[in-house]
Amino acid sequence: MKAIILVGGQGTRMHPLTHNIPKNIVPLCGTPFLTYQIERLKEAGVTEIVFSVGFRPDDIKKVYGNGKHLKVKIDYALETEPLGTAGAVKNCEKYVKGSTVFVLNGDILTDIPLKKMIAFHKKNKNLATLGLVRVDDPTAYGLVLLDEKSRITRFLEKPTIQEAITDTINAGVYIFEPGIFDAIPAGVNYSSERALFPGLLEAKAAFGGFVWKGYWQDIGTARKYLTTHWDVMNGAFPVFGPLKKRAGKLHVGKGVKIAKGVVLLGPAIIEDGCVIAEGAQILPYAVLGKKCVIGKNSIVSKSVLWDGVKVGSGVRLEEVVLGRQCEVQDNAEVPKDTVRGDNSRI
């Protein structure tokens with residue numbers, strides 16, 4: 001079995017963080033986001049992966065290469081123009097031809113059990129299976145309705161509370177049989193949600209929904225990106241394998257310089273080469289990227305600082321996200337929910 005991960009989007013909802021980096025490789029607790037999906041696939045026995053790339057593909061290739069360092073094989077299918085969610089899958093066909101394939105949206109973090117989903121797919125002899133998750137507020141999403149045999153019967157886009165007769169939504173995780181490629185035209189913009197899936201319903205294809213009540217998050221906005229860090233660090237999202245060493249505790253990297261009187265409270269992450277001056281406080285859910293500098297008596301709490309951020313003296317950062325090489329001057333006032341892109345000054 002193989003996998004396709006859709007990573008072609010420009011991440012505009014995460015601007016200004018994603019002006020210079022694809023959203024799929026933004027650091028999550030110090031690890032490029034796609035690594036979480038790769039590790040989840042490996043756990044399910046999937047080691048051949050295709051990235052459907054579009055925006056800044058070389059940045060993604062620089063991080064992952066051929067995948068050997070993660071013990072997987074990675075190929076790249078380039079979209080020279082946007083092809084839509086189904087068109088992007090079709091564009092990967094030559095790499096997965098003849099294989100049952102997982103398809104993952106590249107900005108979703110979920111603990112949906114892929115092995116159980118595969119077993120469900122095979123037992124029901126489905127052409128396509130959608131991973132579905134239950135949510136507390138179904139009115140914010142498109143809903144997926146099932147019959148008593150877990151076959152998909154209808155899609156309902158962002159219903160009112162009166163129309164919300166189910167709480168199951170598309171989790172952005174699919175399993176397709178090779179025959180699905182016959183239903184997708186080549187070289188055109190073709191949507192899974194608006195064209196492929198309705199077509200499968202009309203054709204009465206074996207089209208099922210695997211329902212999971214667990215963790216699910218779309219990191220597509222700066223706020224969700226920030227709070228997902230908290231979920232990883234407090235265990236709401238169950239990390240595993242090599243990622244586990246950063247969760248649920250105080251992680252201090254190599255070559256970190258910590259002055260006298262500094263307060264460190266976990267869970268928090270301090271990457272290699274950081275410098276923390278006298279009297280500073282690094283409080284729970286703070287994440288400091290590599291070579292960050294925190295000035296005297298400054299406080300960092302529930303915030304994410306990317307590599308090379310410099311914070312002056314007497315600054316309080318709470319629930320903020322700062323891109324690479326940002327600089328915060330002495331005694332600057334930084335409101336909650338502040339988000340700044342690379343090389344900004346406050």
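## Exercises on a predicted model

The largest cavity of this structure, a predicted model, has a volume of about 120 Å³.

**Exercise 1. Determine how many cavities of 30 Å³ or more the structure holds, and describe the lining of the largest cavity.**

Solution. Begin with the principle that rolling a probe the size of a water molecule over the atoms shows where empty space is left. A search of the whole structure then returns one cavity of 30 Å³ or more. In the next step, collect the lining of the largest cavity, which consists of 13 residues, with Q37, R40, L104, I108 and T110 lying nearest its centre. Finally, assign the lining to secondary structure: two or more residues each come from α1 (34-43), β6 (101-105), β7 (108-110) and β11 (168-176).

**Exercise 2. Describe the largest pocket, and find which element gives the largest share of its lining.**

Solution. The space in the largest pocket comes to about 1,400 Å³. Its lining is made up of 48 residues, and those nearest the centre are R13, T85, N105, D107 and E193. Elements that contribute two or more residues to this lining are β1 (2-7), α3 (84-91), β9, β10 (152-156), β11, α6 (192-202) and β13 (216-218). The largest share, five residues, is supplied by β11.

**Exercise 3. Examine the salt bridge between K23 and D107, and state where its partners lie.**

Solution. Side chains of opposite charge can pair when their charged atoms come close. For K23 and D107 the N to O distance is 2.8 Å, and their side chains form a salt bridge. Next, place the partners in the chain: K23 belongs to the loop between β1 and β2 and D107 to the loop between β6 and β7, so that distant parts of the chain, 84 residues apart, are linked. Both partners, K23 and D107, are buried, and D107 is also one of the residues nearest the centre of the largest pocket.

**Exercise 4. Treat the pair R324 and D342 in the same manner, deciding for each residue whether it is buried, partly exposed or exposed.**

Solution. The side chains of R324 and D342 meet in a salt bridge with an N to O distance of 2.9 Å. Because R324 sits in the loop between β26 (321-322) and β27 (327-328), while D342 sits in the segment after β28 (339-340), the pair ties together parts that are 18 residues apart in sequence. The relative accessible area of R324 is 28%, so R324 is partly exposed. For D342 the value is 15%, so D342 is buried, the cut-off for burial being under 20%.

**Exercise 5. Locate the cis peptide bonds before P16 and P267, and the positive phi values of C29 and N297.**

Solution. As a reference, most residues other than glycine have a negative phi, and most peptide bonds are trans. The bond that joins H15 and P16 is cis, with omega about 10°, and P16 lies in the loop between β1 and β2 (27-28). The bond from G266 to P267 is likewise cis, with omega near 5°, and P267 is in the loop between β16 (263-264) and β17 (268-270).

Turning to phi, C29 has a positive value near 55° although C29 is not a glycine, and its place is the loop between β2 and β3 (31-32). With a relative accessible area of 1%, C29 is buried. N297, also not a glycine, has a positive phi of about 60° and is found in the loop between β21 (293-294) and β22 (299-301). At a relative accessible area of 53%, N297 is exposed.

**Exercise 6. Compare the span of helix α7 with the expected span, and establish how many of its residues are buried.**

Solution. Helix α7, residues 222-234, contains 13 residues and reaches 19 Å from its first C-alpha to its last, which is close to the 18 Å expected at 1.5 Å a residue. Of these 13 residues, 10 are buried, so that the helix is mostly covered; among them are Y225, L226, W230 and M233. Just after α7, G235 has a positive phi of about 90°.

Definitions and conventions:
Residues are numbered from 1 along each chain as its sequence is written. This is a predicted model: local features need pLDDT of at least 70, side-chain atom pairs count only at pLDDT 80 or more; totals for chains, interfaces and linings use all residues. Side-chain values use heavy atoms; hydrogens and water are left out. Helices (H or I, at least four residues) and strands (E, at least two) are DSSP runs, numbered from the N terminus. The expected span of a helix is 1.5 Å times one less than its number of residues. Buried means under 20% relative accessible area, exposed over 50%, partly exposed in between (1.4 Å probe, protein chains only). On a 1 Å grid over the protein atoms alone, a cavity is a set of points where a 1.4 Å probe fits but cannot get out, and a pocket is an open set with protein on both sides within 12 Å along at least five of seven lines; lining residues have an atom within 4 Å of a point. Grid points are joined across faces, edges and corners, and a volume is the space filled by probe spheres set on the points. A salt bridge is a side-chain nitrogen of Lys or Arg within 4 Å of a carboxyl oxygen of Asp or Glu.
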